[in-house]
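Let's take a walk through this structure together, one stop at a time. Keep the 3D view handy as you read.

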Amino acid sequence: MNYALIATTAFIAVVSTTAFSLPSTSHQTRQSNKRSIALNSAIAASVPSISSPYKTLPWNTQREEQRKARRLTIENAQLFRELGLPEDATYEDVAETTARLIAETELLPKNEGIKKKIKIEIARDEIYQIRLNERITGVRSEQEDAARVSKLEEGGLEGL
């Protein structure tokens with residue numbers, strides 16, 4: 001009988017103390033881990049990154065410029081292939097071809113036609129953007145016809 005009373009009292013004591021005890025250590029370690037992660041990310045954000053001194057060497061910068069030029073050429077060629085045009089196509093050729101391709105998408109089912117139309121328009125806009133950037137940076141010179149027209153507008157017949 002005493003054993004049953006002692007066991008019941010012990011059980012009640014354990015249950016009552018665990019209800020009001022401090023949080024478990026696993027919860028405390030999770031909170032401390034969160035704090036340390038936040039602290040580490042704050043430290044990493046405040047430390048400036050050190051660039052490689054080899055990037056500024058002339059032969060490395062030249063190689064990087066060549067890589068960028070190749071990448072642009074490949075991207076540009078891919079856009080022209082999407083439209084089925086040669087890379088030296090004029091502005092008018094691009095406009096005519098995109099208008100023709102968009103007209104062909106009218107015959108397709110609704111969703112498929114809309115998707116193809118959007119792809120065509122994106123390719124056209126990217127071609128125009130690449131050409132504009134090339135003209136701005138001086139990589140692409142004006143086409144001969146456009147240069148003649150601008151000279152004619154500026155100086156009349158004597159400008160030619």
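Asn-76 makes a good starting point: setting aside neighbours within four places in sequence, Asn-76 is in contact with Ile-130 and Glu-134. You'll find Asn-76 in helix α3. Is Asn-76 buried or exposed? With a relative accessible area of 6%, Asn-76 is buried, because anything under 20% is counted that way. Keep in mind as we go that this is a predicted model.

Let's step back for the overall picture. The protein has six helices and zero strands, so reading along the sequence gives you the pattern α-α-α-α-α-α. There are 160 residues in the protein, and buried ones make up 12% of them. The accessible surface comes to about 13,400 Å², with 60% of that belonging to carbon and sulfur atoms. As for how the chain meets itself, take the contacts between residues at least 6 apart in sequence: 45% of those join residues at least 24 apart.

Now for the inside. Which residues make up the largest nonpolar core? That core has 12 residues in all: Leu-79, Phe-80, Leu-83, Leu-85, Ala-89, Val-94, Leu-101, Ile-102, Ile-120, Ala-123, Ile-127 and Ile-130. The elements giving two or more residues to this core are α3 (58–83), α4 (91–105) and α5 (110–137). Of the elements, α5 gives the most, with four residues. There's a general background to this kind of grouping: in soluble globular proteins, nonpolar side chains tend to be buried together.

Two core members deserve a longer look, starting with Phe-80. Phe-80 has its place in helix α3, and at 0% relative accessibility it counts as buried. Leaving out neighbours within four places in sequence, what does Phe-80 touch? The list runs to Leu-85, Pro-86, Glu-87, Ala-89, Val-94, Ile-127 and Arg-131. Try finding Arg-124 from here as well: Phe-80 and Arg-124 are 44 residues apart in sequence, yet their C-alpha atoms are 8.6 Å apart in space.

Leu-83 is the other one, and helix α3 is its home too. At 3% relative accessibility, Leu-83 counts as buried. Not counting residues up to four places away in sequence, Leu-83 touches Val-94, Thr-97, Thr-98, Leu-101, Ile-120, Ala-123, Arg-124 and Ile-127. If you look for Glu-121, you'll see that Leu-83 and Glu-121 sit 9.8 Å apart, C-alpha to C-alpha, with their positions 38 residues apart in sequence.

Next, turn to α4 and α5. How do these two helices pack? Their axes are 9 Å apart and meet at an angle of about 170 degrees. Angles over 145 degrees count as roughly antiparallel, and α4 and α5 are therefore roughly antiparallel to each other. On the α4 side, the contact is made by Tyr-91, Val-94, Ala-95, Thr-98, Leu-101, Ile-102 and Thr-105. On the α5 side, you'll find Gly-113, Lys-116, Lys-117, Ile-120, Glu-121, Arg-124, Ile-127, Tyr-128 and Arg-131. Sorted by character, the residues of this contact divide into eight nonpolar, three polar and five charged.

A few α4 residues help bring that contact into focus. Ile-102, a member of the nonpolar core, touches Lys-117, Ile-120 and Glu-121 once residues up to four places away in sequence are left out. Then there's Thr-105, which also lies in helix α4. Thr-105 is buried, with a relative accessible area of 7%. Leaving aside neighbours within four places in sequence, Thr-105 is in contact with Gly-113, Lys-116, Lys-117 and Ile-120.

Our last stop is Glu-104, another residue of helix α4. Is Glu-104 buried or partly exposed? At 40% relative accessibility, Glu-104 counts as partly exposed, because its value falls between the 20% and 50% cut-offs. Glu-104 and Lys-117 are 13 residues apart along the chain, and their C-alpha atoms are separated by 9.1 Å.

Methods: Residues numbered from 1 in each chain as written. Predicted model: local features only at pLDDT ≥ 70, side-chain atom pairs only at ≥ 80, totals over all residues. Heavy atoms only, no water. Core = buried A, V, L, I, M, F, W, Y, C linked by side-chain atoms within 4.5 Å. Buried < 20%, exposed > 50% of the residue type's maximum accessible area, 1.4 Å probe, protein only. Contact = heavy atoms within 4.5 Å. Axes fitted to C-alpha atoms, helices over the stretch in contact; angles between N-to-C directions. Parallel < 35°, antiparallel > 145°, perpendicular 65-115°, else oblique. Nonpolar A, V, L, I, M, F, W, Y, C, P; charged D, E, K, R; others polar. Areas by Shrake-Rupley, 256 points an atom, 1.4 Å probe, with all protein chains shown as cover.
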